Amino acid sequence: MPALTRAEAQTRARLLDVRSYSIDVDLTRGGEVFGCATRVRFGCAEPGGSTFIEIKPEALRRAVLNGRELDPAALAENRLPLDDLAADNELVVEAEMRYSHTGEGMHRFTDPVDGETYLYSACALDEAQRVFAAFDQPDLKAVFEVAVTAPEDWTVLSNGVGEQVRPGRWEFTATPPISTYLAAVVAGPYHAVRSEHDGIPLGLYCRRSLARHLEDDAEEILRITRRCFDRYHEIFDERYPFGSYDQAFVPEFNWGAMENPGCVTFRDEFVFRSAVTDTQREERAIVIAHEMAHMWFGDLVTMRWWDDLWLNESFAEYMGQQIISEATRFEQTWTAFGVRRKSWGYDADQRANTHPVAPERVDDTAEALLNFDGISYAKGASAVRQLVAWLGRDAFLAGINEHFSRHRYGNATLADFLDALASASGRDVHGWAESWLRTTGVDTLRPEAESADVRRPHRIRAGLYDRDGDGGLALREVVPLDVEQGHKGTLIAPEPRPDLLLLNDGDLTYAKVRFDEGSWHAVTESLGTVEAPLSRAVLWTAARDMVRDAELPASAFIELVVRHLPNEPVVAIVETVLEFSRHQVADRYLPPERRADALAELTGVCRRILRRTEDGSDEGLRLTAVRGMIACAQGPRAVAELADWLEADSVPGGPLLDPALRWKVLLRLCVLGEAGEDRVAAELERDPSATGHEGAARCRAALPDRDAKAAAWRALFREDELSNYLLTATAEGFWQPEQRELLAAWVPLYFDEALAATERRGQAVGRVLGRFGFPEHAVEPDLLRAGEAHLKDNEVPPSLRRRLEDQLDDLRRALRARHAAV
Ligand SMILES: [Zn+2]
């Protein structure tokens with residue numbers, strides 16, 4: 001399928017003025033295909049001219065342009081040529097379309113609990129053409145009128161406001177002009193919770209088997225939605241433009257959520273069926289606020305082409321964090337952002353594949369898809385946060401409102417955005433953008449810089465800390481500081497010298513920070529005594545990238561964890577540091593013979609947290625510690641302990657073991673060879689839900705037995721049956737550091753088979769196999785050489801190639817870190 005190029009999109013945008021789509025969808029044609037009739041009305045600036053419309057049908061039945069029958073056989077891959085256009089055109093396309101199981105186009109899912117079927121469309125980036133005939137590019141916005149025929153007991157949602165006009169027939173009001181990638185249909189016997197706020201009808205939807213869990217959390221989700229609406233309505237001049245606001249939690253969704261106007265889809269893991277930490281609730285709240293920000297930024301004003309994808313995402317990501325911290329009880333969102341989310345950006349930005357936040361040009365949709373990464377989201381949001389620090393909040397919001405009023409219901413570019421900010425603030429925003437958005441890489445801020453490698457200006461704060469009588473670090477003063485582009489030499493030399501000089505205290509900018517010798521010593525002694533959570537987040541992140549850069553031995557990082565994590569009160573910090581310690585430091589950076597000791601140390605940390613929370617003082621910390629103990633369990637004592645927990649269905653002193661924890665425990669026992677197929681089957685009987693099936697697939701793939709591995713391998717790479725979620729679960733179970741010897745036979749097969757499966761099954765499968773299917777535990781030069789040769793010798797589809805190149809970068813880094821481990 002040829003990806004649409006930027007040049008083709010520009011040509012078509014000059015030629016066409018798309019006015020409306022009337023889409024009639026028939027969901028009553030069985031389990032393989034659905035019917036879709038599309039009627040498009042569009043103007044053409046050059047009558048007599050030609051263009052094409054995209055569609056990926058199972059069977060194209062009929063196409064009629066201005067009353068003239070077109071030959072369906074003229075469809076070339078996904079493009080139907082349209083010739084001899086008039087000034088005003090009407091095109092009718094009737095087709096049968098195939099349901100998808102990879103979350104692209106119209107996804108179809110059958111719930112194993114009750115056999116009910118659920119559908120939803122996923123049109124981004126250029127998958128609208130798997131649902132209807134579309135001029136599939138963001139700047140050909142049009143009015144959408146949707147009608148759907150569905151089984152009578154189903155609920156159907158779309159962007160417009162829906163009405164069931166007779167049993168099984170749904171019609172939706174016409175939308176304002178929106179882009180094709182934002183069109184949505186959600187259909188099935190969904191459970192609904194309805195409400196209203198400030199004149200906006202609100203709806204929450206999920207599968208029936210999750211109804212109880214949605215009901216438990218509906219008030220929280222609605223409260224966050226209402227508060228965010230109020231806050232957005234305070235800061236934006238434009239009111240919410242899309243009528244009703246439905247939030248549908250849908251199965252096997254590939255992304256976190258998708259901002260379809262008036263009909264947002266979320267992965268239904270956000271309907272919590274097991275105990276979660278407050279950090280997870282905070283994450284859900286941020287995603288809710290993020291998608292709401294898109295209603296303005298992305299949907300009301302849309303990027304002209306995918307080169308400005310980052311602008312949508314960085315803005316929504318920034319707003320999600322900021323609005324939640326202002327309008328809800330989650331006031332510390334920037335701490336979790338600083339300790340976890342930002343690392344996604346830092347890591348991506350230090351790989352060979354990094355790109356500017358705002359690339360000069362993105363040549364086609366396939367390349368655009370690769371940019372849904374840590375740069376576009378986390379680095380971009382950090383840049384926006386820095387922009388707000390630099391411009392001031394009022395000037396920033398004035399610029400945003402100017403931007404909305406100039407481009408409402410239309411499209412805009414980065415240049416348009418900067419113009420609006422510049423005119424509202426009177427500042428040189430274009431110059432700022434040049435150094436922040438057109439460059440790559442992470443600056444490193446040092447109190448004393450030998451070379452001028454600071455690529456961009458930074459407005460930061462420096463924290464000066466002195467030791468108090470108990471050896472703790474107390475904040476003396478926060479010093480505002482403007483670091484100039486190209487800075488060299490002494491950045492700050494306060495008198496008297498503080499025991500800890502922390503650059504970027506408060507995390508306003510995006511940069512690595514380093515310490516003078518005395519300050520680092522103070523960090524190792526007293527990190528945990530620094531009072532502000534956001535300051536500790538900056539310190540932990542600095543330690544993290546020092547170990548990744550092989551500047552700090554992996555063993556020293558573990559020592560820091562042992563010393564300071566047991567008393568850390570912020571769940572987001574404990575979760576993130578534990579996870580990094582286990583999956584990167586212990587599994588990859590330390591040599592295999594030192595891994596068992598590291599796991600024992602981490603188990604000790606978790607036990608101390610458990611003891612500290614025995615009084616029930618912090619359930620989130622306790623849950624985090626229990627998860628950590630499960631992940632690090634090894635040896636007879638821990639195995640017996642896990643078996644006891646399963647038996648008792650609880651951890652002594654809490655928490656109770658819910659399905660998620662039971663599957664985690666069982667997975668660990670399977671990895672260690674202490675549980676087998678009989679236990680997995682019994683657990684699946686107990687929890688026959690979709691997540692139960694994922695848990696079972698993960699466990700089965702993890703069994704240390706040649707036949708189980710062979711079966712998992714076939715399912716992953718050869719049989720092409722698994723949905724995207726079961727594929728992910730199977731891949732997650734397959735590679736285990738404990739099973740190094742057993743797995744050695746499969747490592748050499750990986751590259752060729754991942755390529756073949758991606759070629760057969762497409763981009764989404766490539767992303768999963770490149771990410772979760774990669775043998776991460778094998779930190780070996782041989783794997784690196786094999787990967788390099790593979791990428792050199794083969795034509796690898798972009799989604800898989802990008803993942804593999806990133807994996808090889810991380811592998812090089814792990815090899816360096818291992819060299820410096822002790
Ligand atoms: Zn987004």
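**Exercise 1. Identify the backbone oxygens that lie close to polar side-chain atoms of Asn411, and describe the setting of this residue.**

Solution. The backbone oxygen of Thr302 is 3.4 Å from a polar atom of the Asn411 side chain. A second backbone oxygen, that of Met303, lies 3.0 Å from a polar atom of the same side chain. The model is a predicted one, and these distances are computed from its atoms.

Next, place the residue: Asn411 belongs to strand E21, which covers residues 411-412. Its relative accessible area is 11%, and because the limit for burial is under 20%, Asn411 counts as buried. Finally, list its partners. With neighbours within four places in sequence set aside, Asn411 contacts Pro138, Asp139, Lys141, Thr302, Met303 and Arg304. Thr302 and Met303, whose backbone oxygens were named above, are thus among its contacts.

**Exercise 2. Test whether the end-to-end distance of helix H8 agrees with its number of residues, and determine what its buried residues pack against.**

Solution. Helix H8 spans residues 393-407, which is 15 residues. The expected span is 1.5 Å times one less than the number of residues, so H8 should extend over 21 Å. Its end C-alpha atoms are 21 Å apart, in agreement with that expectation.

The second step concerns burial. Ala395, Phe396, Leu397, Gly399, Ile400, Asn401, His403, Phe404 and His407 are the buried residues of H8. They pack against helices H2 (211-235), H3 (278-296), H4 (309-327), H7 (375-391) and H9 (414-425), and also against E21, the strand that holds Asn411. After H8 comes Tyr409, with a positive phi near 60°.

**Exercise 3. Name the protein donors of the zinc ion and explain what the pair His294 and Glu313 ties together.**

Solution. The protein donors are NE2 of His290, NE2 of His294 and OE of Glu313, at 2.0 to 2.1 Å from the zinc ion. Along the chain, the donors follow the spacing H-x3-H-x18-E. His294 is in helix H3 and Glu313 in helix H4; the pair therefore ties together parts 19 residues apart in sequence. As to accessibility, His294 is buried at 0%, and Glu313 is buried at 3%.

**Exercise 4. Decide how many disulfides the structure contains, and examine Cys606 and Cys670.**

Solution. The search of the whole structure yields zero disulfides. For Cys606, the closest cysteine sulfur is that of Cys632, at 5.7 Å, which is too far for a bond. Cys670 is likewise in no disulfide, the nearest cysteine sulfur being that of Cys699, 4.2 Å away. Cys606 has 0% relative accessibility and is buried; Cys670 is also buried, at 0%.

**Exercise 5. Describe the open sheet that contains E15, and establish which strands form its edges.**

Solution. The sheet has five strands in the order E15-E16-E17-E19-E18, with mixed pairing. E15 (191-197) and E18 (257-258) are the edge strands, since each pairs on one side only. E15 and E16 (residues 200-206) run antiparallel and are joined by seven bridges. Within E16, Pro201 stands opposite Glu196.

**Exercise 6. Determine which residues of strand E3 are buried on each side, and identify the strand joined to E3.**

Solution. Strand E3 comprises residues 51-54 and is covered on both faces. Thr51 and Ile53 are buried on one side, Phe52 and Glu54 on the other. Such a division fits a general pattern: in a regular strand, side chains alternate between the two faces of the sheet. E3 is joined by four bridges to strand E6 (residues 79-82), and the two run antiparallel. In E6, Pro81 stands opposite Phe52.

Methods. Residues numbered from 1 in each chain as written. Predicted model: local features only at pLDDT ≥ 70, side-chain atom pairs only at ≥ 80, totals over all residues. Heavy atoms only, no water. Buried < 20%, exposed > 50% of the residue type's maximum accessible area, 1.4 Å probe, protein only. Polar contact = N/O pair within 3.5 Å; in protein donor to acceptor, adjacent residues only side chain to side chain. Contact = heavy atoms within 4.5 Å. Disulfide = S-S within 2.5 Å. Pairing = 2+ DSSP bridges. Donors = N, O, S within 2.8 Å, 3.2 Å for Na, K, Ca; no water.
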